Amino acid sequence: MKAIGILTSGGDAPGMNAAIRAVVRTAIYYGYKVYGIEKGYRGLLDEEFVEMDLSSVGDIIQRGGTILKSSRCDEFKTAEGREKAVEILENYGIESLVVIGGDGSFTGAKLLSELGVKTIGIPGTIDNDLAYTDYTIGFDTAMNTVIDAIGKIRDTSSSHDRVNIVEVMGRNCGDLALYAGVAGGAETIVVPEREIRTDEIVSKLRTTQKRGKKHSIIVLAEGADIEGGALGLKNALTVKDKADVRITVLGHVQRGGSPSAFDRILASKLGNKAVELLIEGKSKRVVGIKDNKIIDLDIDDALSMEKEFDQDLYEMAKILSI
C-alpha cells in the first residue's frame, strides 16, 4: 500500500472532520502517506489532491462541516468517469480510498472497488438512514440541534397558545423526527414510515386542549406522506380545528454546528478502524456501530439491508404525549 486517499461525499455532517482527523493520524502512525481529495468524487476527477500531515488535521475535531468539502458529480456515475478516477489514483500511487458519506457515496466506493481500488466506507449523514449501523456520524449532533430549536419554539408557542409545526430533514427516514420529537416532548410526530391522518392529529390537539394545554408541537419529517407537506398540514389544521398554526422549517441549520461528544468519539473510532482494515488488506467494506461495538461488513450487504423503523419508540412517544 503506497498511499491512502480520503474524501467526503454527499451532504456534509457534523463529525466528518473528526473522522478525517482519525484516518489521517492513524495512517501516519502506521507509516503511510495520506492524500486528502477535495470536493468528493468531483475533486477526484479534477485532481484536487492535497498531501496531508499531522498539522493538516490539527484543531478540526470540534469543527462542523468537512474541511475536504463536498459536491455532486454526474461524470463519476459513468463507466468512463470511474475508469478515469482509477487512472488518476494510480498516478498518485493511491491504492486505497476511505469514503465518508451516505448510501450514494458508498455506491461510488463499491464501484471503484470492483475496478481494483481498495475501499472502506465510513457512514457520515445526519439522516441516520443506513440500516447496517445503529448510528451515523452527524445524527446525534443534528438531533440535538433540533431539540434546541424545539425548546425555543415551545417558549413562543406557549406564549401565544399556538400550534407549531417543526419540519426536520431526513429524506425518507424518520429517525431525526422521531428521536428529536421524543426528546423534545412533541405532541405529535409525523414520519414517512407510519401513516397518520390529519383527523388523528386534530383529535389529539383537541384532547390536549380539553385538559388545559393550549399549545402543541408537531415534528414533521420532510419525507412524510402528508398532502401538501407542512403547509398542507397547517391549512388542514386551520380549517378543521380553527388552530393558530405556525411553521418552522429548520433546513440546513441541522447540518451545521460543532459535533457532539458522541459524534466526535464515534467518528474517531470509525476512522481508526477504517485504516486498520486497509492495513489488513481488506476492501469493499464499511464500518459502523452495532450494540455499542464497532463493526465492519461487506458493502454490498450493507447497502442491501432494509432500514428498520423503531416502532417501539414510536408507540412509546404516542403514549407519553397523551
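This tour proceeds through a predicted model, selection by selection.

Residues are numbered from 1 along each chain as its sequence is written, and side-chain values use heavy atoms, with hydrogens and water left out. Because the model is predicted, local features need pLDDT of at least 70 and side-chain atom pairs count only at pLDDT 80 or more, while totals for chains, interfaces and linings use all residues.

**Stop 1: strand S6**

Please select residues 163-168, which form strand S6. Helices (H or I, at least four residues) and strands (E, at least two) are DSSP runs numbered from the N terminus. Six of the six residues of S6 are buried, where buried means under 20% relative accessible area, exposed means over 50%, and partly exposed lies in between (1.4 Å probe, protein chains only). In a regular strand the side chains alternate between the two faces of the sheet. Here Val163, Ile165 and Glu167 are on one side, Asn164, Val166 and Val168 are on the other, and both faces are covered.

**Stop 2: the neighbours of S6**

Add residues 216-221, strand S8, which runs parallel to S6 and is joined to S6 by six bridges. Two strands pair if DSSP finds at least two bridges between them. Within this pairing, Val166 has Val219 as its bridge partner. Next, add residues 245-249, strand S9, which pairs with S6 in the parallel sense over five bridges. Which residue of S9 is the bridge partner of Glu167? The partner is Val249.

While S9 is displayed, select Arg246 together with Asp244: the two form a salt bridge, with their closest N and O atoms 2.6 Å apart. A salt bridge is a side-chain nitrogen of Lys or Arg within 4 Å of a carboxyl oxygen of Asp or Glu. Asp244 is partly exposed at 32% relative accessibility, and Arg246 is partly exposed at 35%.

**Stop 3: a link after S6**

By the salt-bridge rule, the count comes to 24. For one of them, select Arg171 and Asp129, whose side chains meet at 2.6 Å, N to O. Arg171 is in the loop between S6 and helix H6 (175-183), and Asp129 is in the loop between strand S5 (118-123) and helix H5 (139-160), so that the pair links distant parts of the chain, 42 residues apart. Are these residues buried or partly exposed? Arg171 is partly exposed, with a relative accessible area of 41%, whereas Asp129 is buried, at 17%.

**Stop 4: from the S5-H5 loop to S10**

Now select Asp134 and Lys290, whose side chains meet in a salt bridge of 3.3 Å, N to O. Asp134 lies in the loop between S5 and H5 and Lys290 in strand S10, so the pair ties together parts that are 156 residues apart in sequence. Asp134 is partly exposed at 26% relative accessibility, and Lys290 is partly exposed at 31%.

**Stop 5: the S10-S11 hairpin**

Extend the selection to strand S10 (residues 285-290) and strand S11 (residues 293-298), which run antiparallel and are joined by six bridges. Ile289 stands opposite Ile294 in S11. The two strands form a hairpin with two residues between them, and Asp291 in the turn has a positive phi of about 55 degrees.

**Stop 6: a salt-bridge network**

Finally, select Arg42, Asp46, Glu75 and Lys84, which are linked in a network of salt bridges.
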